[in-house]
Each structure stands twice: as C-alpha cells, then as structure tokens.
Amino acid sequence: MSQMDSNFKKIAVIGAGTMGSGIAAQIANAGHEVMLLDLPARNAGDASPAERAIERLLASDPPQLMHKRNAARIITGTISDDFASLAECDWIIEAVVERLDIKKDLYRKLDATVGPDCIVSSNTSTIPIRLLVEDMPTAFRQRFAITHYFNPVRYMRLLELVRGTDTAGDVIDRLADFNDRVLGKGVVRCADTPGFLGNRVGVFALQVGIDEAMRCGLDIEQADALMGRPMGIPKTGVFGLYDLIGIDLMVDVVASLRNILPEGDAFHAVGGRNDMIMAMIEDGFTGDKGRGGFYMTGNDGAEMARPLTGKGAMLAAPRALDKTLPDAALRAATAAAAAEEKPPPARRPRAARELARGARGARGGELEGGRDEGRSAAERRGRRRHACRGPASCPSQCSCVMT
Ligand SMILES: NC(=O)c1ccc[n+]([C@@H]2O[C@H](COP(=O)([O-])OP(=O)(O)OC[C@H]3O[C@@H](n4cnc5c(N)ncnc54)[C@H](O)[C@@H]3O)[C@@H](O)[C@H]2O)c1
C-alpha cells in the first residue's frame, strides 16, 4: 500500500467522553481535522458534551493536546444537529458508552447515512464484533472493525485492532497503517474475543484487586501501593486506575464481560455487584471525569482518599490521603530490585549448599509456584544460559524445568 492510500479525508468521532475526546485530540495532534459529536446539552443554553470535552482537553494534565491550538482542529457538534454531515466522512470512530443496545442503535442510524466506502470502527473495551454488528447488512460489516485505544490516548501506545469475520482486508490494512504511521500507535491485531487481549487480563486483575482489598480490610493507598509499581504495573494501582478509566464505565465494562463470557469462566467469581461503587456513581463520584472517585481533591485543594467500607448506602467521608504508603512501597521495591542486581557471593557455605540441594530435590522439579525462592538473580539468569531439558538431564544440575 502506498503511503497516501491509508490517509483519511474526513474523520469523525462519536462520543465525546474520556476516550472519544482523547482520540479526537490525537487525530488533531497529527494535523488532521476531526468532527467530535455527542448528545445535545440537557438544558438549552448549556455547553454541549462535545464543547465541554474541549474544555477538559485544554485543562488535561498530562495534556492530551500537544499544543492548545490543536483544539481548533476539533469541530464539535451533536448527533441531533450534525448527524447528516457524517455522510462526508471516510472514517467514523464510535466511542459511546459501553452498552451494546446503544452502540447497535447508533450503527443502524449510521448505516442509513454514511457513504458505501466509509469505515466505521468501535472503541469498545469488551464487546466482540460478531455481537456489535450481528444485525447489520454485510456491506456494513465489511467496512467495520474495532480500534481499541487505551487511556490516556496520547500517551498509551497500544492500539488493539480487531477484524471481524466479514471485515475486508483493505479496511484492516488502512486502519493499521494510519494508526501506526500517522497517530504513532503500536498496532496489535487481536482475535474477536471478549475483552480482546488487554482487558481480558486487565479487567479480571482489577476486579480481583478490588475484591481482595475489601476482603483484607486494606486502605486504598495500601492496595495501590501493592498493586502498582512493585508489581510492575502503572503507579495508579487498582483504585487510581478505576478513577482514571471512569467508575461508571468500569461497571458497564464488568457487566459486559459477565454477559459475554461463558458460564464457568473464572471472571464470574469476581466483580459482582459492589454497593459502595454503585453509591459513588449515584453521588457523581465517577472518577477523574466527575467529582473524584476513590481519590479526590477537597475544596481546600487537599488530596483525599475514600475509606473502603464495602457498604454502599452510607459512603464514608473522605479523609486525608496517606502519601507515605506508595512511596514506601516503591522504595522497598526499588531496594529489592537493586539487591537482585548485586552479584551473588562467590560460594555459599557448604551447609547452605547441601540444604539448598536437598530442598530442590524434595520439590522434585519445582514446577509449582515459588520455585525461585531462595535463589539469587544470577542463579535464575544462569538457568537460562544453557539449554536444559529438565532436572534429570541437566548438565549443570541447576534444577530448572525448561528454558
Ligand atoms: N475509559 C477508558 O479508559 C476506556 C478505555 C478504552 C476503551 N473504552 C471504551 O470507549 C467507549 C467510551 O468510553 P468512555 O470512557 O469515553 O465513556 P464516557 O462515559 O466517558 O463517555 C461516553 C460518551 O458517550 C456519549 N453518548 C452516549 N450515548 C450516545 C449516543 N447515542 N450518541 C452519541 N454520544 C453518546 C455520552 O454522552 C458520553 O459523553 C466505551 O465503549 C468504553 O468501553 C474506555
């Protein structure tokens, strides 16, 4: 494909929430004009959701716009006033709420409006193409794909690109090329399965984190200190990430996965209804996009955290954030990592060697968890240096199982 082939002449994003506004900003950052449509304002005279999205983009930190003047490339509108102008688009990105019924309704309206060559893609977090377009004519399905961006769009390089059974090859090639070359994304082609790659794992991990934090009576700072940098995932941890994604959106995402995943899937054991989260949404605490969430800023600018009560009806009053915990966890993890890098002592005392050998033998190959216990980093690295086929035949008697 030549470079010009994948360029789009007119792009629109429908849904001006966290993701739609971020996607529009990145398209504007790349020098393209983009339409950004959402519902009309609730009250006459109020700013529309798309107009408010521009205000949020201009105030975003870290900034989603590479320069504030890029906002001028985003043309805002509403689906009631501006739907007809979608007929001129050659790529429309749907980023409305994670509700199958709402998305399907929108596709039916789009089908009646857009031109025959227009590509439509969804930013859904969880819903496979086969469900999104099951009611749509073949011609629409051939021009439909999933482009799943991550939050915040400017900074998260990953783009999951999903092809449906009917999606035409040139549609996928064009989206892959444009997103890679123009928007700077690392495109990963995924199978059409619930949650694709990232969310199939990530949403499950988040739900386990929330359930376990509540079960163990942890504070959110403690939980995030554990499930953040020390585990090699972003420092937002679980609760900070919930705030970033949007707490209301997460409820829809979890409900969607529960609806789609087969009975017996491990996901059904986590992420049941959480009364505290439902009460937070009810009170407008939907995360960073709302009045705050698990973390928030008080009227005096003080950083606050919400105690985990697990009981929804009476949300506990937020209290001052304990900032020492994440730092302490990060320091401990950094110190542990530094210790791992140190070369091991030349030779351990004989008794220790005997003991270690005996312990390894007793665990017979050590396939189970904890097999690295008591070994130095250098020993673990050493396991990988030679082609070992298992404890019985290993020339180095390193006790590794496979390399
Ligand atoms: N928030 C995240 O971190 C994240 C990450 C990746 C993917 N997603 C997916 O992106 C999509 C949007 O998520 P979000 O976080 O931006 O949600 P959001 O709640 O912030 O925004 C959704 C927007 O859709 C609008 N909307 C609802 N119905 C509409 C309609 N019929 N027509 C036009 N606009 C309509 C709402 O007014 C709202 O502004 C969802 O499918 C979600 O699963 C979200």
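These are my notebook entries on a predicted model of a protein chain with a ligand.

**Overview.** I started with the general make-up. I count 14 helices and 11 strands in the protein chain. The chain has 403 residues, and 36% of them come out as buried. I also looked up how contacts spread along the sequence. Taking contacts with a separation of 6 or more, 65% are between residues 24 or more positions apart.

**Cores.** Next I went for the nonpolar cores. The largest holds 53 residues. Ala12, Val13, Ile23, Ala24, Val34, Leu36 and Ile92 have the most contacts inside this core. I then asked which helix gives the most to it. The answer is H1, residues 18-29, with six residues. A second core, of 32 residues, lies apart from the largest one, and I noted Ile247, Leu249, Val253 and Leu308 among its members.

I picked Leu36 for a closer look. Leaving out residues up to four places away in sequence, I find Leu36 touching Val13, Ala16, Gly20, Ser21 and Ala24, among others. Its list of partners also includes Ala50, Ala53, Ile74, Ile75 and Thr76.

**Ligand shell.** I turned to the ligand and found 28 residues around it. Gly17, Met19, Glu98, Ser125 and Asn151 are the closest. Elements giving two or more residues to this shell are H1, H3 (100-111) and H10. H1 has the largest share, three residues. So H1 turns up twice in my notes: it gives the most to the largest core, and it has the largest share of the ligand shell. Sorted by class, the shell has 15 nonpolar, 10 polar and three charged residues.

**H9 against H10.** How do these two helices pack? H9 spans residues 237-245 and H10 spans 247-260; I get an angle of about 100° between them, with the axes 6 Å apart. That makes H9 and H10 roughly perpendicular to each other, because angles of 65 to 115 degrees fall in that class. On the H9 side, Tyr242, Asp243 and Ile245 make the contact, and Ile247, Leu249 and Met250 do so from H10. I sorted the residues of this contact as five nonpolar, no polar and one charged. Ile247 and Leu249 were already in my notes as members of the 32-residue core.

**Ala302.** Last entry. Ala302 sits in the loop between strands S9 (295-297) and S10 (303-305). Is it buried or exposed? Ala302 counts as exposed, because I find 12 C-beta neighbours inside 10 Å. I also checked Ala302 against Leu321: 19 residues separate them in sequence, and their C-alpha atoms are 8.3 Å apart.

Terms used. Residues are numbered from 1 along each chain as its sequence is written. This is a predicted model: local features need pLDDT of at least 70, side-chain atom pairs count only at pLDDT 80 or more; totals for chains, interfaces and linings use all residues. Axes are lines fitted to C-alpha atoms, for helices over the stretch in contact, and angles run from 0 to 180 degrees between N-to-C directions. Helices (H or I, at least four residues) and strands (E, at least two) are DSSP runs, numbered from the N terminus. Angles under 35 degrees count as roughly parallel, over 145 as roughly antiparallel, 65 to 115 as roughly perpendicular and the rest as oblique. Two residues are in contact if their C-beta atoms, placed from the backbone, lie within 7 Å. Ala, Val, Leu, Ile, Met, Phe, Trp, Tyr, Cys and Pro count as nonpolar, Asp, Glu, Lys and Arg as charged, and the others, Gly among them, as polar. A nonpolar core is a set of buried Ala, Val, Leu, Ile, Met, Phe, Trp, Tyr and Cys residues joined through C-beta atoms within 7 Å. A residue is buried if 20 or more other C-beta atoms lie within 10 Å of its own, exposed if 12 or fewer, and partly exposed in between; C-beta atoms are placed from the backbone. A residue is near a molecule or strand if its C-beta atom, placed from the backbone, lies within 6 Å of it.
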